[in-house]
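Trainee: Could you take me through one part of this model in close detail? I would like to follow the reasoning as well as the result.

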Amino acid sequence: MNRVPCIICHRPDREAIDHAIAQGASLREVGRAYNVQHTAVFRHKRDHTAHEIATLNGAHKVQDRGTALARLEALYTTAEKLLKKALKDSTSVNGQVQVVKEVRACLELIAKMTGELNERPQTVNLMMAPQWLQVRAALFQALEDHPQALEAVAGRLVALENNSRELVRG
Ligand SMILES: [Zn+2]
């Protein structure tokens with residue numbers, strides 16, 4: 001039988017993938033979250049995780065956090081794709097703003113879970129997060145040829161950003 005080397009075993013985030021598998025995330029969920037073929041996840045789960053899963057079952061907290069984070073990251077990837085699609089398909093401005101909000105909500109949750117927001121709650125402004133600035137720049141670039149849409153989106157973003165600053169100040 002043809003033996004394919006396991007790409008997951010050699011990844012730096014292998015432990016997180018094992019966590020997700022141990023927690024019962026589906027092969028496709030794990031594949032999406034970590035950008036690997038679900039068949040590779042299947043082989044890795046079948047051939048290499050029995051021992052790890054037994055060990056991990058003692059560490060529920062870490063596991064739950066790892067899985068929730070993996071799912072959120074998968075959700076974020078989906079939201080980003082939706083955003084690109086919404087911009088390409090010239091969806092209504094309201095539709096685009098809705099997708100931007102989803103992307104932002106995902107980033108906010110991820111930041112909370114990874115402690116980026118918790119550690120310095122008084123000084124971190126999500127609107128300054130590099131991922132958000134990237135999304136924002138991509139958004140404005142994509143809307144360059146649609147000045148009306150650009151103006152409307154920019155207006156809504158400024159409102160959102162002011163809102164977020166108030167939240168940070170608490
Ligand atoms: Zn493996």
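Mentor: Happily, and let us start with a cut-off: a residue is buried if 20 or more other C-beta atoms lie within 10 Å of its own, exposed if 12 or fewer, and partly exposed in between. Please keep in mind that this is a predicted model. Now take Ala149, which sits in helix 8, residues 147–169. Ala149 has 19 C-beta neighbours inside 10 Å, so it counts as partly exposed. Leaving aside residues up to four places away in sequence, Ala149 touches Val93 and Leu143. Gln96 is 53 residues from Ala149 along the chain, yet their C-alpha atoms are separated by 9.4 Å.

The burial cut-off also helps with helix 2, which spans residues 27–34. Here the buried residues are Val30, Arg32, Ala33 and Tyr34. Just after helix 2 comes Asn35, with a positive phi of about 60 degrees.

Next, look at how helix 2 packs with helix 3, residues 38–48: the angle is about 115 degrees and the axes are 8 Å apart. The crossing of these two helices is right-handed. On the helix 2 side, the contact is made by Leu27, Arg28, Val30 and Gly31, while helix 3 brings His38, Val41 and Phe42. By kind, the residues of this contact are four nonpolar, two polar and one charged. Val30 is thus worth a second look in your viewer: it is among the buried residues of helix 2, and it is also one of those that meet helix 3.

Note on methods:
Residues numbered from 1 in each chain as written. Predicted model: local features only at pLDDT ≥ 70, side-chain atom pairs only at ≥ 80, totals over all residues. Axes fitted to C-alpha atoms, helices over the stretch in contact; angles between N-to-C directions. Helix = DSSP H or I, 4+ residues; strand = E, 2+ residues; numbered from the N terminus. Left-handed = near helix turned anticlockwise from the far one by under 90°. Contact = placed C-beta atoms within 7 Å. Nonpolar A, V, L, I, M, F, W, Y, C, P; charged D, E, K, R; others polar.
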